[in-house]
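User: Please take a close look at the interface between the two chains in this entry. I should also like the surrounding architecture explained, with the criteria behind each term.

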There are 2 protein chains.
Amino acid sequence: MDYFRVTYCLEAPQEKIETVAEAVLLEQTTETPRSVGLRYPFVRHHMMGQIERLEPISNGHYELVLSLPVRGVESDPAQFLNVLFGNSSLHSHISLEDFDLPGAMAGFLPGPTFGINGIRDMVGVTGRPLTCSALKPIGLSTSEIAHLFRELAYAGIDIIKDDHYLADQSFAPFGERVRACLEVAEQVYANSGHRVLYVPNLSGSPDTIRRQAETAQALGVRAVMIAPMLTGLPTLHELCRTELTVPVIAHPSFSGSNNIRPSTLFGKLFRLFGADAVIFANYGGRFSYAADVCAEIATRLRADWMHVKPAFPVPAGGMDAARASELVHFFGVDSILLVGGSLLEAGEHLREKTKRFVEEVHAAAMMLQKNG
Amino acid sequence: MDYFRVTYCLEAPQEKIETVAEAVLLEQTTETPRSVGLRYPFVRHHMMGQIERLEPISNGHYELVLSLPVRGVESDPAQFLNVLFGNSSLHSHISLEDFDLPGAMAGFLPGPTFGINGIRDMVGVTGRPLTCSALKPIGLSTSEIAHLFRELAYAGIDIIKDDHYLADQSFAPFGERVRACLEVAEQVYANSGHRVLYVPNLSGSPDTIRRQAETAQALGVRAVMIAPMLTGLPTLHELCRTELTVPVIAHPSFSGSNNIRPSTLFGKLFRLFGADAVIFANYGGRFSYAADVCAEIATRLRADWMHVKPAFPVPAGGMDAARASELVHFFGVDSILLVGGSLLEAGEHLREKTKRFVEEVHAAAMMLQKNG
C-alpha cells in the first residue's frame with residue numbers, strides 16, 4: 001500500500017476551507033505548488049497524496065483526512081513524524097488528530113517491546129492496577145533517596161521511579177543512585193517478600209542515554225524511564241530497537257505541543273515509538289486535561305492495534321492518594337497509578353500513608369473484579 | 001551562581017495569580033509541595049528557586065520571572081530543557097517567553113560552532129544576504145535532483161539545501177544524492193567560477209544521523225541541515241559537539257509547540273544547541289508569523305550573547321522570489337534568503353528566474369550598504 005491516512009482538524013471559514021485543505025495536503029507532501037509535483041511521473045504517481053475526506057465538525061472546524069505517501073517515510077522514524085505533522089505543526093489553525101499505521105511500516109515501528117503483559121511479568125502482578133511512586137524532590141543525596149525508596153517499598157508500592165528531574169547530577173550520580181536503589185529493593189525483598197520494580201530516569205544526549213541504559217541494565221535494572229519529547233522520539237525508538245532489554249516508561253515532559261490531540265501524542269505516538277508505559281497528566285490534579293481526554297489516552301494505549309502491543313496508561317500529576325478507589329474504577333485494572341507529592345507530604349508517616357494507598361488500590365481492584 | 005532566570009507569560013485571573021505563579025515555581029523545581037522540599041537542607045538552599053518578578057502585562061496576562069537552579073541542570077542538555085519548560089509546557093495558560101544563560105552553563109552550551117562568520121567563510125561572501133534554495137519535491141530521482149541543482153547553481157544561488165523531506169529514501173539514497181550534488185557543484189565551479197554550498201538533510205535516529213554526518217563529511221560536504229524538533233534538540237547538541245566539523249542549518253519542522261515564544265525557540269534554543277543558521281516561517285508567506293515576530297527571531301539569532309556566536313536567520317516558507325528587495329531591506333545583510341517553490345514553478349525557466357532573484361538580492365544589498 002502506497003499511502004497512510006492522517007486526520008487533522010482545521011479551523012477556517014467555510015469559503016476558504018477547500019483552499020486550506022489543499023494547502024495542508026501540499027505542505028505534507030511535495031511542499032511545492034501542485035504544478036511542480038505533477039511534472040515528474042514518479043512524484044505524480046507516488047508522492048502527491050490526496051484528500052480522502054473533508055467534513056464540517058462544529059462551527060468553523062473541519063475534519064480533514066489525507067492519504068500521505070508511505071514512500072516519503074520508508075523506514076525513518078524522524079521522517080514518519082515529518083510526514084505526519086512536520087511543517088503543519090507550525091500552523092495554529094491545524095491540529096493533528098489521528099493516524100492509521102499501514103502494514104508497510106510495521107517493521108520499523110513495532111511499538112512497545114514488552115507492553116502491559118511484559119511489565120506485569122516484571123512486577124509479578126495481574127488482575128489489578130499497579131501502584132507507583134516517585135523519588136523526589138531533586139536535590140536529595142543518594143542516601144536520602146535510598147531512605148525514601150525503602151519507606152515506599154516496605155509500604156508495598158509496585159513501581160518506584162526516579163523523578164524526571166533526576167539525571168546524572170553530582171549530588172546523586174546516576175550509577176551510585178541506581179546501585180543504592182537496587183540494593184534497597186533486594187533488602188526489602190529478602191525481609192518482606194515484596195519485590196518492587198525500580199525505574200531510573202535516563203536523560204541526556206543520545207550517547208549519554210545509551211551509556212546510562214547499559215549501566216542500568218548491567219546493574220540489574222528491569223525497567224527505565226525516558227522523556228521522549230526532551231530527548232527526541234527517534235532517540236526512544238533507537239534505544240528500544242538497539243540497547244534496551246527491559247521495558248521503558250515514557251514521561252510527558254516538554255510535550256506541550258498543544259496542537260497534537262493528547263491521545264494521539266501519548267496514546268499512539270509514544271506507544272508506537274516503543275514506550276511500554278506512558279505517564280500523562282491526569283484529570284483533577286494540577287494539570288488541565290479533562291477526564292474524557294484522559295480516558296481517551298488510556299483507551300488508545302490499550303487498544304488492539306495491529307502488531308503493536310498494548311502499553312500501560314500511567315495517570316499522574318498531583319494526584320491525591322485519597323483518590324485511589326476513584327482512579328481504579330476510572331482507569332480499570334490495566335493501569336499504573338502514580339502518586340508522588342501526595343505521599344511525600346506525609347513526612348515521617350510516609351510508609352503508613354503509602355501502605356494505606358496500596359491497600360486501597362488493592363481493595364478497589366477486588367471490588368472492580370467482583371462487580372465486573 | 002546557583003540560579004538562572006526564566007521568563008514566562010501566565011494567563012490567570014488576578015485573584016489567583018499568586019497561586020498560579022507559586023505552582024509554576026514548584027513545577028519547575030521540586031515538583032512536590034513546598035513543605036517537602038523545605039525538609040532537606042540541600043534542597044532548601046540550592047533547589048527551591050524563587051519568584052523574581054510577577055507583573056501584570058495586559059488584561060489577564062502576567063509576566064513571571066523565576067530563578068531556577070543551575071544544579072538541576074549541571075551539564076545535561078535534556079535537563080536544561082526540562083528545567084526550562086518541562087512539565088509547565090503541558091499547561092495551556094503558561095508560555096515560555098525567555099531565559100538567561102548563566103556563565104556556569106557556557107561550557108556545555110556553547111551554541112553555534114561556526115555561526116554567521118563561519119558560514120560566510122564557507123560561502124566566501126560578505127556584505128550581503130546569502131541566497132538559498134531547496135531541492136524538491138520529494139520523489140525526484142538522484143539525476144533529477146542533480147539537474148535541479150545544476151540549474152540553481154548556474155543561476156548563482158549561494159546555498160542549495162535538501163528539502164526536509166529528503167532522507168535516505170530508495171528513490172534518491174543519501175550517499176548517492178550527496179555525491180551527485182557535490183559533483184555538480186564542482187562542475188559549476190570549474191565552468192563558471194561560482195562556488196555553491198550544498199547542504200544535505202540529516203534525518204533518522206541518532207545513529208543514522210551520525211553515520212550520515214560521517215558520510216557527508218567524508219565526501220566533502222561543507223554544511224548540513226537537521227530538524228531538531230524531529231530528532232530531539234539533544235541530538236543536535238551531541239552532533240555539534242562530537243561529529244560535525246561543518247556548520248549546521250536548523251529546520252523548524254515539528255516545532256509547533258505554540259506555547260514557546262517563537263523567538264525563544266528559534267532565536268535562542270536552536271542557536272544555543274548549536275545551529276549555525278536557523279530556518280523559520282517568514283511573514284507574508286504561507287505561514288502565519290507576523291512581521292514583528294520574524295524580526296524578533298532574526299534579532300535574537302544575531303544578538304550579542306555571552307560566548308554564543310551569532311547564527312544566520314533563514315526566513316522561508318512560501319516566499320515569493322519577487323520579494324527579494326523587500327526581504328533584503330527587512331532582514332538586512334546578515335541573513336540567508338531561502339526561496340524554493342516560487343523558483344521551481346518557473347519550470348524550464350528555472351535558471352533564468354533564479355538568476356533574476358539572485359541579481360535582485362545583490363542589487364538590493366548594494367543599495368542597503370550605500371544607504372546604511
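Analyst: The account below begins with the interface and then turns to the sheets, one helix and the backbone geometry.

This is a predicted model, in which local features need pLDDT of at least 70 and side-chain atom pairs count only at pLDDT 80 or more, whereas totals for chains, interfaces and linings use all residues. Residues are numbered from 1 along each chain as its sequence is written, and chains are lettered from A and ligands numbered from 1 in the order in which they are written.

At the interface, 75 residues of chain A are in contact with 75 residues of chain B; contact here requires that the C-beta atoms of two residues, placed from the backbone, lie within 7 Å. Several helices of chain A each supply at least two residues to the side that touches chain B, among them H2 (34-38), H3 (41-46), H8 (206-219) and H10 (233-243). Helices (H or I, at least four residues) and strands (E, at least two) are DSSP runs numbered from the N terminus. H4(A) gives the most to this side of chain A, with 6 residues. By class, the side of chain A that touches chain B comprises 27 nonpolar, 35 polar and 13 charged residues. In this classification Ala, Val, Leu, Ile, Met, Phe, Trp, Tyr, Cys and Pro are nonpolar, Asp, Glu, Lys and Arg are charged, and the others, Gly among them, are polar.

The arrangement of the copies follows from a superposition. Chain A is superposed on chain B by a rotation of 180° with 0.0 Å of shift along its axis, at an RMSD of 0.0 Å. The fit is by least squares on the C-alpha atoms of residues with pLDDT of at least 70 in both copies. The two copies are thus related as by a two-fold rotation axis. Since 100% of the interface residues of chain A are also interface residues in chain B, the copies meet through the same surface.

Two sheets of chain B may be described next. One is an open sheet of 4 strands in the order E2-E3-E1-E4, with antiparallel pairing. Its edge strands are E2 (50-58) and E4 (94-99) of chain B, each of which pairs on one side only. Neighbouring strands of this sheet are turned by 25° against each other on average, direction ignored. Two strands are taken to pair if DSSP finds at least two bridges between them; E2(B) and E3(B), the latter spanning residues 61-69, pair in the antiparallel sense over 7 bridges. Within E3(B), Tyr62(B) is the bridge partner of Pro56(B).

The other is an open sheet of 4 strands in the order E8-E9-E10-E11 of chain B, with parallel pairing. Here the edge strands are E8 (224-226) and E11 (312-316) of chain B. E8(B) and E9(B), the latter residues 248-250, pair in the parallel sense over 3 bridges, and Val224(B) stands opposite Val248(B) in E9(B). Helix H12 of chain B (291-302) packs on the sheet, touching E10 (277-281) and E11, and its direction makes about 155° with that of E11(B). Such axes are lines fitted to C-alpha atoms, for helices over the stretch in contact, and angles run from 0 to 180 degrees between N-to-C directions.

In chain A, helix H13 (324-331) has Ala324(A), Leu327(A), Val328(A) and Phe331(A) buried. They lie on the same side of H13(A), because they cover an arc of only 105° around the axis, the arc being that of the directions from the helix axis to the C-beta atoms. A residue is buried if 20 or more other C-beta atoms, placed from the backbone, lie within 10 Å of its own, exposed if 12 or fewer do, and partly exposed in between. The buried residues of H13(A) pack against H12 (291-302), E12 (312-316), E13 (336-338) and H15 (350-371) of chain A. Just after H13(A), Gly332(A) takes a positive phi of about 75°.

Most residues other than glycine have a negative phi, and most peptide bonds are trans. Glu31(A) has a positive phi of about 55° although it is not a glycine, and with 24 C-beta neighbours inside 10 Å Glu31(A) counts as buried. A cis peptide bond joins Lys136(A) and Pro137(A), with omega of about 10°; Pro137(A) lies in the loop between E5 (130-135) and H6 (142-154) of chain A. Lys136(B) and Pro137(B) are likewise joined by a cis peptide bond, with omega of about 5°.
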